[in-house]
Amino acid sequence: MDTNTHAETRTDDTNRDTDRVDSSGVDRPAAARAAIYTALATLLDEPDERLHKRLAAGEVDETVRGLLDATGLSVAPPELTVDDDYETACARFNDLFTVGYAEYADRTDGSLDSEGPRISLYESSYRPDAAWNDVNLDLARAYDYFGLEIDREARDNHDYLPYELEFASYLARLEAAADPGDGRADDAARARLDFHDRHLHVVAGGLAERAADTPGSGLYGEVASFLDRFVAADQRALAARFEGGDEP
């Protein structure tokens, strides 16, 4: 997104959201949910040294647990720490999410069998029922409706998961900052529920399943599992609010 393109910027936004959760006039649970979505977007991008230091020191784990308590959702917290040094953490990220796999199928003619990364960060990878173009066009329209666009110098796909998480965070921020009496808070929350239903729950569930089946996923397996739990809880809470039924 144009407001949160780089991992360092998203980390700074998480810190700001942590500070504003207790601000007067702000919907505290919605602000906390926004901050967690921002943190998840940061964690699912290649780590920078500052983020790695915060992970190693336990600061990210402490921040997310505190935010989770403020969301009003019942979700088991993750263990967001690392034992790897910075170079190893980057290598693990690249091995899981960036580097593809290739081997010779027939050395006599040089043909290769190849595939993408072990775990995809793109929603369309988990949507065999939908064309890539349809998924990305629907997301582009949703982003554009709220005046947002992706940074094409960094990525060119709208279905990149950190972008989707930034969008969920943005919608939760709109809800948190709006006056409940004028309807804008409900409009933003309904938009987030629609986004969950159409997109985010699909990629969150697919990512968690793929990570669980991938040896050596480490921190990212923990992040994927927590993302799936958190998205499901937020989706259920919003559905109960607008469609009836019990809160999670």
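The following exchange between a trainee and a mentor works through the helix packing and some individual residues of a predicted model.

Trainee: In what order do the elements of the chain run from the N terminus on?

Mentor: The chain holds nine helices and two strands. Reading from the N terminus, the elements come in the order α-α-α-α-α-β-β-α-α-α-α.

Trainee: What percentage of the residues of the chain count as buried?

Mentor: The surface that the chain exposes comes to about 12,000 Å², and carbon and sulfur atoms supply 44% of that area. As for the residues themselves, the chain has 248 of them, and the share that counts as buried is 47%.

Trainee: Among contacts between residues at least 6 apart in sequence, what percentage join residues at least 24 apart?

Mentor: One pair that is distant along the chain is Val75 and Val231, which are 156 residues apart in sequence while their C-alpha atoms are 9.7 Å apart in space. For the chain as a whole, among contacts between residues at least 6 apart in sequence, the portion joining residues at least 24 apart is 68%.

Trainee: Is helix H2 roughly parallel or roughly antiparallel to H9?

Mentor: The axes of helix H2, residues 28-43, and helix H9, residues 218-243, come within 11 Å and cross at roughly 150°. Because angles over 145 degrees count as roughly antiparallel, the orientation of H2 relative to H9 is roughly antiparallel.

Trainee: How many charged residues does the contact of H2 with H9 have?

Mentor: H2 passes H9 in a left-handed crossing. On the side of H2 the contact is made by Arg33, Ile36, Tyr37, Leu40 and Leu43, and on the side of H9 by Tyr220, Val223, Phe226, Leu227, Phe230, Val231, Asp234 and Ala237. Sorted by class, this contact has eleven nonpolar residues and no polar ones, and its charged residues number two.

Trainee: Is Asp234 buried or exposed?

Mentor: Asp234 is found in helix H9, and apart from neighbours within four places in sequence it is in contact with Arg33, Tyr37, Leu73, Arg192 and His196. Since its relative accessible area is 0% and the cut-off for burial is under 20%, Asp234 is buried.

Trainee: How many charged residues does the contact of H8 with H9 have?

Mentor: Helix H8, residues 184-212, packs against H9 at an angle of about 150°, with the two axes 8 Å apart. H8 passes H9 in a left-handed crossing. By class, the contact of H8 with H9 has 14 nonpolar and six polar residues, and the charged residues number eight.

Trainee: Which residues in H7 are met by Leu139, Ala142 and Tyr143 in H6?

Mentor: H6 and H7 pack at an angle of about 35°, with their axes 12 Å apart, and their crossing is left-handed. The contact of H6 with H7 has five nonpolar residues, no polar ones and one charged residue. The residues of H7 that Leu139, Ala142 and Tyr143 meet are Tyr163, Glu164 and Phe167.

Trainee: With which residues is Asn157 in contact, leaving aside its neighbours within four places in sequence?

Mentor: Asn157 lies in the loop between helix H6 (132-145) and helix H7 (161-177). At 14% relative accessibility it counts as buried. Beyond its neighbours within four places in sequence, the residues in contact with Asn157 are Tyr122, Trp132, Asn136, Ile150 and Tyr163.

Trainee: Which residues does Val75 touch, not counting residues up to four places away in sequence?

Mentor: Val75 has its place in the loop between helix H4 (59-70) and helix H5 (86-97), and with a relative accessible area of 12% it is buried. Not counting residues up to four places away in sequence, Val75 touches Leu68, Phe226, Arg229, Phe230 and Ala233.

Trainee: How far apart are the C-alpha atoms of Leu51 and Tyr86?

Mentor: Leu51 is found in helix H3, residues 49-56, and counts as buried at 3% relative accessibility. Its contacts, leaving aside neighbours within four places in sequence, are with Thr42, Leu43 and Val60. Tyr86 stands 35 residues from Leu51 along the chain, and the separation of their C-alpha atoms is 9.6 Å.

Trainee: How does Gly218 count in terms of accessibility: buried, partly exposed or exposed?

Mentor: Gly218 is found in helix H9, and its C-alpha atom is 9.6 Å from that of Ala89, although the two residues are 129 apart in sequence. Its relative accessibility is 44%, and because that value falls between the cut-offs of 20% and 50%, Gly218 counts as partly exposed.

Conventions. Residues numbered from 1 in each chain as written. Predicted model: local features only at pLDDT ≥ 70, side-chain atom pairs only at ≥ 80, totals over all residues. Heavy atoms only, no water. Axes fitted to C-alpha atoms, helices over the stretch in contact; angles between N-to-C directions. Helix = DSSP H or I, 4+ residues; strand = E, 2+ residues; numbered from the N terminus. Parallel < 35°, antiparallel > 145°, perpendicular 65-115°, else oblique. Left-handed = near helix turned anticlockwise from the far one by under 90°. Contact = heavy atoms within 4.5 Å. Nonpolar A, V, L, I, M, F, W, Y, C, P; charged D, E, K, R; others polar. Buried < 20%, exposed > 50% of the residue type's maximum accessible area, 1.4 Å probe, protein only. Areas by Shrake-Rupley, 256 points an atom, 1.4 Å probe, with all protein chains shown as cover.
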